[in-house]
Amino acid sequence: MIPNLKNKLKAMSSNSPLHNPDAGNLERPVHEQTAYTENDGSLDTYEPIYKSINNGNKVDTDRKTVGCNERMEDFGGQAIIGAYGSFIRKRTIYGKSTIYGSVNLSDLWASSFSDNRWWTRLDRDICIQDIVLLDTETTGLAGGTGTYPFLIGIGYFTDNGLVIEQYLMRDFDEEYPMLLAVLDVLKNFRVLVTFNGKAFDWPLLESRFVYSRLRPLYWEDSHLDLLHVARRLWGNFLESCSLVSIEDKILKQQRKNDIPGQLIPKIYFDYLETRKTDAMKQVIKHNEWDIAALAALLIHISKLYKNPIGYANPHELLSIAKELERNHRIQEASECYKCCIDTAVIHSLKVDAKKRFAYLRKRHDGPEEAMNLWEELAGEEGSMLIFPLVEMAKYLEHGKKDYKKALECTERAIQLASRLRNNGDYNNGSSKLRDELFTRKRRLLKKIERSIEQWG
Amino acid sequence: MNIDQLVDHIRSSPEIMQNITYWKEMESKSAVYGSFPKGLRPELEIVLKKKGIHQLYSHQSKAVELVFQRKNIVVVTPTASGKTLCYNLPVINEILNNDDARALYLFPTKALSQDQVSELHEIMDLLGHPIKTYTYDGDTPVSARKAIRQAGHIVVTNPDMLHSGIMPHHTKWVKLFENLKFVVIDEIHSYRGIFGSHLANVLRRLHRICKFYGSDPQFICCSATIANPKELTERIIGQEVELIDENGAPSGKKHMIFYNPPVVNKQLGIRRSSLLETRRLATNFILNGIQTILFAKSRLTVEVLVTYLKQLVQDKLGKSNSVRGYRGGYLPSQRREIEQGLRSGNILGVVSTNALELGIDIGRLQACIMCGYPGTIASTWQQAGRAGRRNDTALAMIVASSNPLDQYIIQHPEFFLESSPEHGLINPNNLYILMSHIKCAAFELPFEDGETFGVDSLDQILEFLEEEKVLRHVGSRWYWTADNFPADSVSLRTAANENFIIIDITTPQHRVIGEMDRFSAPQLLHEEAIYIHEGVQYQVEKLDFEEKKAYVRKVDVDYYTDANLAVTLKVLDVFSTKDEGKTGRSWGDVMVTSLVTMFKKIKFDTHENLGWGPVRLPEMELQTTAYWMTLNDIPKGIESQDDLQNGLMGIANVLGHIAPLYLMCDPRDIHVVYHVKSPFTHKPTIYIYDSCPGGIGFSERLYEIHLELFKKAYEVISNCYCESGCPACVGPAAEVSANGKYMAQKILGGILGDTQFEEQAQGNVIQLPFA
């Protein structure tokens, strides 16, 4: 049907090496990390549907799958063998007293984890028993049906601490039993917590469930993607909201000998080829750290939202105040704004907080309550801000009916606007704004004239 | 002036009539009706009546009946014969019966999909039933995609999007694939060559996915007139189809006019340029208010004609927007605007490449002028069909160029009018194409042992891919084991994957004005080239070959540029070879290397050469299949190396033009190269190779017919009235030198034997090989 197929195939392979065998950096020595984990294989929080056999060394002789004999690699976990095939499950427990960077895991149990739907934006308040943490390692970042999550990390909280369960398929034929087991764990929980899981991990897993004809779970409004929360909290001052950058800058945790994420697909493919486990163990460690970081991040964030005055820095205070305001928690928002204004060192942050606080006061307490803040903003040495002058003019004109002072403010604003224009800032000194100011000025002059006619 | 007056005007102008070699009047034809098929829901009948359709044409009613009988069908009827009802009726009927039913519509271009959706919406509105129809293509906003995946009854898309946007994410399209009842493929004749070979593989993948979700869709296809619609459709969809080719729609009176530009230099056999003649004729049409479409064969000709005609309307009407160009490389928004302008009548003249040959709704045009024979009978009818869609008198004119194919057609109009249009040839098993899609298929669903994917040797290919570490065999399945997304690196339209983008840097705000495929770029976008876009001239200032970007700046000059291509050919593998005595025939794999060496500046109007410049760009490589003929002995009368050289060059020139007649392909699909002493065969050799990487089957066919082709070349040369070569046979004497024509005749005479010589001498009637 295809003439000289063999020759043509040969020609193709020499012309286009599709696979780059360069994987040198995978061979570097591995340093075991043991700092803060306690290993306890006996804990069982759910009834597994598979009979478990300790260690991967024993292999069910009835298994028909080709290649199972080669799969005796030791990952420090259990080989689970069930009706549909086998896979590896590794369970690691981070005790309650574990410290991860600046986070103490015990805080989670110490503080009552409640009243949080306002910042999680989920459909209900969550408690720690509801939560399952999830992170996957995949054969690629492109998505689509040919991308496989080969390692699925799950975390949940028990009285013993944070339990991390990692499910590894040692080859593609182990995907189905692995997914069955993962689904079996996930369905015990009400809230899914991930980092970038809405865009990546969950759609990918969902696609695998559909492919395997397993009914996927629907999280919808009970999926908390911490990336989104992190962006709201830190987006205005962290350059990157990646998990690595947050761990470094916020949680103050540096991973030692962590592998770069982009190498992971290659390491897995390499493992499939060679069955060498060294690099894979690092991938498993990486995934474990990701789950631990996810837990630490959740704890840290909820602590910030629970008691912002006590824990949050000025940047965070502003973000939290905004979130509170969005939820109509005006009293708490005001406190956060005040605290931010009092503690902020960076000028622009202070101005931003004052501005927002002033608008909040104007809306909720009436314009006269915001006057102090407008005056502060406008009166600062070298201030180039127009909006406080405009706001002052509005209140003076319509509220206090003090047209003269209103005119003063308006004229100051006009002066500022033309100065900005002269400096080339056509944005803040736009002609539209200037026209508005002139309209106000004309109206004020008319009003002053009329009041002089009336009284004078 | 209306169109009938224009026809009379032409008839009464001797200076036009003397160049007309043939005038065919095709009488109007009345409609043939069929009954409303049983099983068609009454509300659909009511909707049709509201649309003013009281009876179905015979082909429509037959199509619906066959679909009701669970048959795959292909409907072959001309433009504007109401073929969309052939698929819309059964599809809507099924959805009315079963709200879960889904249909997938495939159109070759986005423009066509948009037309379809608006037409479907019109039916839905009249029906008052919420059938959700969506286009899903690159322009669909991300926010709308989820709803389309879940709820769209009819998903309208193109093969490219199905290939890279839908099938690799099939788990998100469960509803569609589980309930897929119909796949509609319109304009299936346009899927020839590379594109068709890709589509056949895309559909192989679709079949796998449907099977996975337990559906088995029926195919409803439509085609313009080609020789083998049933065979082409069956090869593309991989299943049997029923052919419906009797057209029940009425048509208006049509004038088909063959125009041959007058000879200006008899000795050199030079005729007036078809381009200038087209300009003259079109001027007449457009200034008389006749809405005219002009078809030109290359992007360059399109732009040159637009430039000419824009000057014209600018002078007389004070604006130039009533004449527009239309071709690939224009941005989508620009194209939509031009289509709209044609429908509304604001645009009086449009110059297009074959891009407007397909069924894009551009409304009622009155006349069509083809600048040069479009290359195939099928294309010619399609282009001619652009004029007079709705029962009016229509005029279509072919203006012949001086190339041999054009001259053959213009002098033998009966050949054109009587013979069957071309075959649609595809080669789904082109290894490059097949391999790409096997990768995509493995990404979508692991292959099972024993699967076939249309080829027997699948297991060998899977093993190869495992060696390449792209697949992994575990248990009884082959899994995708690369961290990339294979569909991203496969383009269905070309063999080359990436396009060059063209950036206008005239103003500080740089903007992208067009794009061009990788193989054409060195020829048309080399530095100093004049790139003409919508009639505006740009000079290429910088070509960033690595980044695939060409930076151009507006200029106003009175010349255009034309680049020379140097081609070398190396045989890689011989599939078959046979000694025929005087000649040898072979076919196999070759590597063709092409290099643009220099360009010429050619003055507008006079077309004189104004100078030249070097081009320094990397070589382009093409691995493809070729047929070659070797001369075993030097024929008598060939005295020197030069004689041989000139003769072979002459033969190669003729073959390049007439081989498409035998292959029934577009002239651009093949290339001819000759070697006086081939490094591979060590003999004088003429190669004819496929222009598509991996080949799409032409060389195998040439190997079968071998000498027949040379007989035909001999006839063309012998029948030509020129003295020593002209563009209509071996090429101008300046190129093949004074004895080129004679030497070509000698060589061919030698190959074909003396008997052939004698038959010719006696002036026997030549048998057309196509009858």
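In the predicted model, strand 1 of chain B and strand 11 (residues 254–259) of chain B run antiparallel and are joined by 6 bridges. Within this pairing, Trp23(B) faces Ile257(B), a residue of strand 11 of chain B. Helix 1 (residues 3–11) of chain B packs on the sheet to which these strands belong, where it touches strand 1, strand 11, strand 17 (367–371) and strand 18 (394–399) of chain B. The direction of helix 1 of chain B makes about 150° with that of strand 1 of chain B. Helix 16 (residues 404–411) of chain B lies across strand 1, strand 11 and strand 18 of chain B, and its course is at about 125° to strand 11 of chain B. Strand 1, strand 11 and strand 18 of chain B are thus named among the contacts of helix 1 of chain B and also among those of helix 16 of chain B.

The sheet itself is open and consists of 7 strands of chain B in the order 1-11-18-17-14-16-15, with mixed pairing. Its edges are formed by strand 1 (20–26) and strand 15 (323–326) of chain B, each of which pairs on one side only. On average, and with direction ignored, neighbouring strands of this sheet are turned by 15° against each other.

Another sheet of chain B is also open and has 7 strands, in the order 6-7-5-8-9-4-10, and here the pairing is parallel. Strand 6 (133–135) and strand 10 (242–244) of chain B are the edge strands, each pairing on one side only. From one strand to the next, the twist averages 15°. Strand 8 (residues 180–185) of chain B pairs with strand 9 (residues 218–223) of chain B in the parallel sense over 4 bridges. In this pair, Val184(B) is set opposite Ile220(B) of strand 9 of chain B.

Two helices of chain B are described on the parallel sheet. Helix 7 (residues 142–151) of chain B touches strand 5 (102–106), strand 6 and strand 7 (154–157) of chain B, and its direction makes about 135° with that of strand 6 of chain B. Helix 10 (residues 193–212) of chain B packs on strand 5, strand 8 and strand 9 of chain B, with its direction at about 175° to that of strand 8 of chain B. Strand 5 of chain B is touched by helix 7 of chain B and by helix 10 of chain B.

Between the chains, 39 residues of chain A are in contact with 44 residues of chain B. The area buried between chain A and chain B is about 3,500 Å², and carbon and sulfur atoms give 64% of this area. There are 9 residue pairs in polar contact between chain A and chain B, counted with both residues at pLDDT 80 or more. Helix 1 (5–15), helix 5 (197–211) and helix 8 (264–274) of chain A each supply at least two residues of the side of chain A that touches chain B. Helix 1 of chain A gives the most to this side, with 8 residues. By residue class, the side of chain A that touches chain B divides into 17 nonpolar, 14 polar and 8 charged residues.

Side chains of opposite charge can pair when their charged atoms come close. Over all chains, the structure holds 49 salt bridges, and 3 salt bridges are found across the interface of chain A and chain B. Arg472(B) and Glu273(A) meet through their side chains in a salt bridge, at 3.9 Å from N to O. Within chain A, Glu323(A) forms a salt bridge with Arg326(A), with the closest N and O atoms 3.8 Å apart. Both Glu323(A) and Arg326(A) lie in helix 11 (residues 314–326) of chain A, where they are 3 residues apart, about one turn of the helix.

Conventions: Residues numbered from 1 in each chain as written. Chains lettered and ligands numbered in written order. Predicted model: local features only at pLDDT ≥ 70, side-chain atom pairs only at ≥ 80, totals over all residues. Heavy atoms only, no water. Contact = heavy atoms within 4.5 Å. Buried area = accessible area lost by both parts, 1.4 Å probe. Salt bridge = Lys/Arg side-chain N within 4 Å of Asp/Glu carboxyl O. Polar contact = N/O pair within 3.5 Å; in protein donor to acceptor, adjacent residues only side chain to side chain. Nonpolar A, V, L, I, M, F, W, Y, C, P; charged D, E, K, R; others polar. Pairing = 2+ DSSP bridges. Axes fitted to C-alpha atoms, helices over the stretch in contact; angles between N-to-C directions.
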